Amino acid sequence: MLALLCSVRFGISSAWRLVENWETMPNTAETWTSAAFCEQLRAAGLRPTRQRVTLAQLLFGEGDRHVSAECLHSEVTAAGEQISLATVYNTLHQFTRAGLLRALPVDGGKTYFDTNTSDHNHFFVETEGKLLDIPSESIRVEGLPEPPAGLKISHVDVVVRLVKTE
Ligand SMILES: [Zn+2]
């Protein structure tokens, strides 16, 4: 189950490829990557602590993905790093508040975090606990109720739930 949850990776995360002064950085891949993630964290108003940089590398290093705190924590452990589940959870929420991630509460009390913060919707494969992107233009939501006075609709999350066909 965990392996399935961790295996959802697709697309390219463009936000993390933008590093303005990349030409001045050392050209070893590892140093460049760490420096790039530090830069992105600072740009988001977050101090680039070692733990945040480690988590950012795992989250944003290989294209867009949907990940739970538990899944990311197991990846951290597998990478030989010692970061508690509570810290992983707190950091995911800090990244979300900073606009780097989008939180998707789709599975009971469990929240998934999406590295793709653009406007899009999701299939949720209930039997596998797996999220798949649906492009925003594929779904049109009509007849939304008027929000109460003083409030406006920020966005609408559509989750289409799937089960296996026998
Ligand atoms: Zn998504």
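# A tour of helices and sheets

Helix 3 passes helix 4 in a right-handed crossing. The handedness is read from how the near helix is turned from the far one: clockwise is right-handed, and anticlockwise by less than a right angle is left-handed. Helices here are DSSP runs of H or I with at least four residues, strands are runs of E with at least two, and both are numbered from the N terminus.

Before you click further, note that this is a predicted model, in which local features need pLDDT of at least 70 and side-chain atom pairs count only at pLDDT 80 or more, while totals for chains, interfaces and linings use all residues. Residue numbers start from 1 along each chain as its sequence is written.

**Stop 1: the whole chain**

Start with a cartoon view. You will find five helices and six strands, arranged along the sequence as α-α-α-β-α-α-β-β-β-β-β. Of the 166 residues, 21% are buried. Buried means that 20 or more other C-beta atoms lie within 10 Å of the residue's own; 12 or fewer makes it exposed, anything in between partly exposed, and C-beta atoms are placed from the backbone.

**Stop 2: helix 3 against helix 4**

Select residues 50-60 for helix 3 and residues 69-78 for helix 4. Their axes lie 11 Å apart and make an angle of about 110°, so helix 3 is roughly perpendicular to helix 4. Axes are lines fitted to C-alpha atoms, for helices over the stretch in contact, and angles between N-to-C directions run from 0 to 180 degrees. Angles of 65 to 115 degrees count as roughly perpendicular, under 35 as roughly parallel, over 145 as roughly antiparallel, and the rest as oblique.

Now show side chains: Thr54, Leu55, Leu58 and Leu59 of helix 3 meet Leu72, Glu75 and Val76 of helix 4. By class, this contact of helix 3 with helix 4 has five nonpolar residues, one polar and one charged. Residues are in contact when their C-beta atoms, placed from the backbone, lie within 7 Å. Ala, Val, Leu, Ile, Met, Phe, Trp, Tyr, Cys and Pro count as nonpolar, Asp, Glu, Lys and Arg as charged, and the others, Gly among them, as polar.

**Stop 3: helix 4 against helix 5**

Keep helix 4 and add helix 5, residues 85-97; the two pack at about 120° with axes 9 Å apart. Helix 4 and helix 5 are therefore oblique to each other, and helix 4 passes helix 5 in a right-handed crossing. Ala69, Leu72, His73 and Val76 in helix 4 face Leu85, Val88, Tyr89 and Leu92 in helix 5 as contacts. The contact of helix 4 with helix 5 includes seven nonpolar residues, one polar and no charged ones.

Which residues of helix 4 are buried? They are Ala69, Cys71, Leu72, His73 and Val76. Click on Cys71: this residue is buried because 23 other C-beta atoms lie within 10 Å. Just past the helix, find Gly80, which follows helix 4 and has a positive phi near 85°.

**Stop 4: the 1-3-2 sheet**

Next, bring up an open sheet of three strands with the order 1-3-2 and antiparallel pairing. Strand 1 (66-68) and strand 2 (102-107) are the edge strands, each pairing on one side only. The twist from one strand to the next averages 40°. Strands pair if DSSP finds at least two bridges between them. Strand 1 and strand 3 (residues 110-114) share three bridges, and strand 2 and strand 3 share four.

Center on Phe113 in strand 3: Val67 stands opposite it, and Ala103 also stands opposite Phe113. Then select Gly108 in the hairpin of strand 2 and strand 3, where two residues lie between the strands; Gly108 takes a positive phi near 60°.

**Stop 5: the 5-4-6 sheet**

Finish at an open sheet of three strands, in the order 5-4-6 with mixed pairing. Strand 5 (130-135) and strand 6 (159-162) each have a single partner strand, so one side of each has no neighbour in the sheet. Here the average twist from one strand to the next is 25°. Strand 4 (residues 120-125) runs parallel to strand 6, joined by four bridges. Select His122 last: its bridge partner in strand 6 is Val159.

Note on methods
Contact = placed C-beta atoms within 7 Å.
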